[in-house]
Amino acid sequence: MMRLGCQCQCKLPMSSSTSLPELPGLGFLVGLKLSHREFLASFGEYVRVKNGEIVIEEGAAQNNLYLILSGMLHVVTTAGNRSLLIATLGAGDSLGEVNLFDPASASASVIARSDCLIWRITNDQLKMFFAADPEAGLDLMQGLLRLSARRIRAMNAKLVDSEEKSSFHDFWKASE
């Protein structure tokens, strides 16, 4: 697998960046006005990622927020000697939100599974955006919080489902 190159402060290289006129209203940007998305786009960069490139490496410093515009990526982590697929992500999905609020090293790797177009902004660039347009910053934060709330609800539902399956398994095992 190849690592991604970049011109920002992150340590991972990023293939090639390109400029587009606006960010589409996808994912956490759904509630942002077009003018706010256009302004936000000027703080980050569009990056083309090739199949097999590593966008985020588990254990590495991670201070970027990413929005997937096209393509497919896998989120994987290592458990023992094997890799576990955590999620498959596509257009409208995002990465790195947690590190905006709780900076730490990456808890998983993210690998492109097709050619992708991703928009990336560093934490410092995001702070400059918030300072330059607090109203747009508030709208963006609300979008990120909605995304986080949806993810927490989904994880809670998976936990309940897993617990129900475990209880059912224990019931049948006890009756043998």
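Here is a friendly conversation about the predicted model shown above.

Biologist: Before we begin, what should I know about the model?

Modeller: The model is predicted, so local features need pLDDT of at least 70 and side-chain atom pairs count only at pLDDT 80 or more, while totals for chains, interfaces and linings use all residues. Residues are numbered from 1 along each chain as its sequence is written, and side-chain values use heavy atoms, leaving out hydrogens and water.

Biologist: How many helices and strands are in the chain?

Modeller: Helices (H or I, at least four residues) and strands (E, at least two) are DSSP runs, numbered from the N terminus. Starting at that end, the elements follow the order β-β-α-β-β-β-β-β-β-α-β-β-α-α. The chain has four helices and 10 strands.

Biologist: What percentage of the residues in the chain is buried?

Modeller: Buried means under 20% relative accessible area, exposed means over 50%, and partly exposed lies in between (1.4 Å probe, protein chains only). Of the 176 residues in the chain, the buried share is 40%.

Biologist: Which residues of helix 3 are buried, and where do they lie around its axis?

Modeller: A helpful rule is that an α-helix has 3.6 residues a turn, so residues three or four places apart point the same way. In helix 3 the buried residues are N123, L126 and F129. They fall within an arc of 115° (taken from the directions from the helix axis to the C-beta atoms), so they line one face of the helix. On the other side of helix 3, the exposed residues include K127 and A131.

Biologist: What arc do the buried residues of helix 1 cover?

Modeller: In helix 1, the buried residues are H36, R37, L40 and A41. They sit on the same side of helix 1, because the arc they cover around the axis is only 135°.

Biologist: How many aromatic pairs are there?

Modeller: A pair of aromatic rings is described by the distance of the centres and the angle of the planes. Rings of Phe, Tyr and Trp (its six-membered ring) pair if their centres lie within 6.5 Å; planes under 30 degrees apart count as stacked, over 60 as edge-to-face and the rest as tilted. By this rule the count is four.

Biologist: What kind of pair do F39 and F43 form?

Modeller: F39 is partly exposed at 31% relative accessibility, whereas F43 is buried at 16%. Their rings are 5.0 Å apart centre to centre, with 85° between the planes, and that makes the pair edge-to-face.

Biologist: Which helices does the pair of F39 and F129 link?

Modeller: The F39 and F129 pair is tilted, at 5.9 Å centre to centre and 45° between the planes. F129 is buried, with a relative accessible area of 0%. The two residues are 90 apart along the chain, and the pair links helix 1 (residues 34–41) with helix 3 (residues 123–132).

Biologist: Which residues form one aromatic cluster?

Modeller: Two members we have just met are F39 and F129. The full cluster is F39, F43, F129 and F130.

Biologist: Y66 caught my eye; which side chain does its side chain make a polar contact with?

Modeller: Y66 lies in strand 5 (residues 64–70) and counts as buried because its relative accessibility is 2%. Y66 is also 4.5 Å from R120, C-alpha to C-alpha, although 54 residues separate them in sequence. A polar contact is a pair of N or O atoms within 3.5 Å; within protein, one must be able to donate a hydrogen and the other to accept it, and residues adjacent in sequence count only if both atoms are side-chain atoms. At 3.2 Å, the partner of Y66 is N64.

Biologist: Which element gives the largest share of the lining of the largest pocket?

Modeller: A pocket is an open set of points on a 1 Å grid over the protein atoms alone, where a 1.4 Å probe fits, with protein on both sides within 12 Å along at least five of seven lines; lining residues have an atom within 4 Å of a point. The largest pocket is lined by 28 residues, with V75, E97, V98, S107 and R151 nearest its centre. Strand 7 (82–89), strand 8 (94–95), helix 2 (97–101) and helix 4 (134–174) each give two or more residues to that lining. The largest share, eight residues, comes from helix 4.
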